[in-house]
Amino acid sequence: NMNFEQQLWNNYFLLAVVFITQDSLQLEHFSQAKGTKILNKYGDMRRQIGFDIRDMWYKLAQNKIHFIPEMVGPILEMTLIPEVELRKATIPIFFDMMLCECTVFNNFRKFEDEIILKLDHAVEGGCGDEQYMQLFQTILLDHASKHPNIEKSVQHFVNLVKGLLEKLLDYRLVLSDESRGNRMSCTVNLLNFYKDINREEMYI
């Protein structure tokens, strides 16, 4: 589309994600009383803006491919916000990205590489939890079941990400562990995982 303004759309997505991930909107960091007061007065603006981001993503239609893999990291950052309805609404964007890349290139390798790289950084920074891992798995497998042509590839990808997330969460947990042996064991498990999936560059 000659009239498509990619930079304008790119700026919209980036600014919207920056807005909903700002510290002042993370209600779980406040006391229950303060969080309730904010919700009663303003609602959860993260959810509202997240839904808008989702809707705008689908409006891109054939232009989505211009935002893969560059937009994978920002969308991942948004989906990791610990708000369950926001997660349920936005995790499906990942499947749409895979479907889009696969339609154009017959694989979603760029998407996969970017998710693995960004997930490592995000969990190291304190994001991610068991609930996210379960939602990620359930939502993507459900969508994949409706697309037999890529279902097996998506299943493999989901298992890969689940395995990585488990090891990253274990590693983050033991960073504060006084047992040097526990820390070393989790580190070795993580390094071996990257080696097994041919991502040695992740730990070099």
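A pocket, as the word is used here, is an open set of grid points with protein on both sides within 12 Å along at least five of seven lines. In this predicted model, the largest pocket holds about 280 Å³ of space. Its lining is made up of 14 residues, and Q26, L80, I81, P82 and C127 are the ones that sit nearest the centre. As for chemistry, the lining is a mix: four residues are nonpolar, five are polar and five are charged.

**The overall build**

Step back from the pocket and you're looking at an all-helix layout: 10 helices and zero strands. Read from the N terminus, the order is simply α-α-α-α-α-α-α-α-α-α. The C-alpha trace spans about 55 × 50 × 30 Å along its principal axes. Does that go with a compact globule or not? The radius of gyration is 18 Å, and this agrees with a compact globule because one of 204 residues would come out near 17 Å. Of those 204 residues, 43% count as buried. If you take contacts between residues at least 6 apart in sequence, 71% of them join residues at least 24 apart.

**The core**

In soluble globular proteins, nonpolar side chains tend to be buried together. Here, the largest nonpolar core has 55 residues, with F94, M97, F111, L140, V154 and F157 making the most contacts inside it. These are the helices that each give two or more residues to that core:

| Helix | Residue range |
|---|---|
| α1 | 6–20 |
| α3 | 45–59 |
| α4 | 72–79 |
| α6 | 92–105 |
| α7 | 109–124 |
| α8 | 130–144 |
| α9 | 151–174 |
| α10 | 180–196 |

Which helix gives the most to this core? That's α9, with nine residues.

L140 is a handy place to start if you want to click around in there. Leaving aside residues up to four places away in sequence, L140 touches I91, F94, F95, M98, V154, F157 and V158. Two of the partners, V154 and F157, are themselves among the residues with the most contacts inside the core.

**A glutamate to look at**

Now for E112, which is found in helix α7. Is E112 buried or exposed? E112 has a relative accessible area of 9%, so it counts as buried, the cut-off being under 20%. Setting aside residues up to four places away in sequence, E112 touches F157, L160 and R199. F157 also turns up in the contact list of L140, so to speak a shared neighbour of E112 and L140.

Technical notes:
Residues are numbered from 1 along each chain as its sequence is written. This is a predicted model: local features need pLDDT of at least 70, side-chain atom pairs count only at pLDDT 80 or more; totals for chains, interfaces and linings use all residues. Side-chain values use heavy atoms; hydrogens and water are left out. A nonpolar core is a set of buried Ala, Val, Leu, Ile, Met, Phe, Trp, Tyr and Cys residues joined through side-chain atoms within 4.5 Å. Buried means under 20% relative accessible area, exposed over 50%, partly exposed in between (1.4 Å probe, protein chains only). Helices (H or I, at least four residues) and strands (E, at least two) are DSSP runs, numbered from the N terminus. Contact means heavy atoms within 4.5 Å. On a 1 Å grid over the protein atoms alone, a cavity is a set of points where a 1.4 Å probe fits but cannot get out, and a pocket is an open set with protein on both sides within 12 Å along at least five of seven lines; lining residues have an atom within 4 Å of a point. Grid points are joined across faces, edges and corners, and a volume is the space filled by probe spheres set on the points. Ala, Val, Leu, Ile, Met, Phe, Trp, Tyr, Cys and Pro count as nonpolar, Asp, Glu, Lys and Arg as charged, and the others, Gly among them, as polar. The radius of gyration is taken over C-alpha atoms; the globule rule is 2.2 Å times the number of residues to the power 0.38.
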